Amino acid sequence: ATTLGASAAASGRYFGTAVAAYKLSDSTYSGILNREFNSITPENEMKWDATEPQQNQFSFGSADQIVARARSIGAKVRGHALAWHQQQPGWTSSLSGTALRNAMLNHVTQVATHYKGQIDSWDVVNEAFEDGGSGARRDSNLQRTGNDWIEAAFRAARAADPAAKLCYNDYNTDGQNAKSNAVYAMVQDFKARGVPIDCVGFQSHFNAQSPLPSDYQANLQRFANLGVDVQITELDIEGSGTAQANSYAAAVRACLAVTRCNGITVWGIRDSDSWRASGTPLLFDNSGNKKAAYNSVLDVL
Ligand code: XIL
């Protein structure tokens, strides 16, 4: 096939991108989106601050625009993210304990209900583990409501939209390390106790300091072996030219080698769309031309 989405579909996978609603009117951006991708993750529009700016007053306009575009081009939607310590609305900072727990659960329920039937996979909880060697939960306002906040969020999401696949998503968990070991133990525990979890997302933001790990495929595989799908959810790789192209090819190959790795999402379309402050981490240049990295990904798919 001649596009990322169609090539991924040939092996039953999707190839997606993060999308910003305000860029949908940019014809270069939209042209690439409509042509190449068969999954969309709203880059910011489904986050807590965007969807519930005042408590119990929901605002779905920008996210709805993205979902409408996905429907019109036949793309899946990865919902991102129901519960996260970042990009929370200001009003959460005056809440704690049961009040915050109930606000979080209400948020999960209302947002998952609004999009019921339209989401392929939800990132139910994002980035709940600490970096480094501790393997601990990240200290956050949500964590301080009790260690069971993650499973409570997953149960609320399942009740609201039983058809959506429910994912845990994180970064620096791409290789085998103390952080990914801790996530692994959580998933194993959820599976053993019947807490609803269907997938694990590996953000996969790579650069010189944190390159594609040599045990990426092995790590994806060990999670898949727990009985969940695995997905590359926010892929971007700093660099340029052949080196960057080779890293992208290796990342895609790792996913293709894991039967339950069912989708890859890059975190933006053109280099200029990247959340990174500088650099050229994506598959299209600022003008929307295909880079070497694009060609290597298409080759491997
Ligand atoms: C980023 C967006 O790309 C930026 O536009 C925003 O300012 C901050 O968040 N991990 C995640 C994503 O799960 O939601 C983040 O997205 C990037 C890191």
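Trainee: Over the ring of which residue does the charged end of Lys-179 sit?

Mentor: This is a predicted model, in which local features need pLDDT of at least 70 and side-chain atom pairs count only at pLDDT 80 or more, while totals for chains, interfaces and linings use all residues. Residues are numbered from 1 along each chain as its sequence is written, and side-chain values use heavy atoms, with hydrogens and water left out. A charge sits over a ring if NZ of Lys or CZ of Arg is within 6 Å of the ring centre and within 35 degrees of the ring normal. The charged end of Lys-179 lies 3.6 Å from the centre of the ring in question, which belongs to Tyr-171.

Trainee: How are the rings of Phe-58 and Phe-60 arranged as an aromatic pair?

Mentor: Rings of Phe, Tyr and Trp (its six-membered ring) pair if their centres lie within 6.5 Å, and planes under 30 degrees apart count as stacked, over 60 as edge-to-face and the rest as tilted. By this rule the structure has ten aromatic pairs. For Phe-58 and Phe-60, the centres are 5.9 Å apart and the planes differ by 10°, so the pair is stacked.

Trainee: Is Phe-60 buried or exposed?

Mentor: Buried means under 20% relative accessible area, exposed over 50%, and partly exposed in between, with a 1.4 Å probe and protein chains only. Phe-58, at 25%, counts as partly exposed. Phe-60 has a relative accessible area of 12% and is therefore buried.

Trainee: Which residue forms a salt bridge with Arg-101?

Mentor: A salt bridge is a side-chain nitrogen of Lys or Arg within 4 Å of a carboxyl oxygen of Asp or Glu, and the structure holds 17 of them. Arg-101, in helix α5 (residues 97-114), is joined to a residue 47 positions away in the loop between β4 (121-126) and α6, where helices (H or I, at least four residues) and strands (E, at least two) are DSSP runs numbered from the N terminus. Arg-101 is buried, at 12% relative accessible area, whereas its partner is partly exposed at 38%. With the closest N and O atoms 2.5 Å apart, that partner is Asp-148.

Trainee: Why are Arg-193 and Asp-189 separated by about one helical turn?

Mentor: Arg-193 and Asp-189 form a salt bridge whose closest N and O atoms are 2.9 Å apart. Both count as partly exposed, Arg-193 at 41% and Asp-189 at 32%. They are about one helical turn apart because, within helix α7, their separation is four residues.
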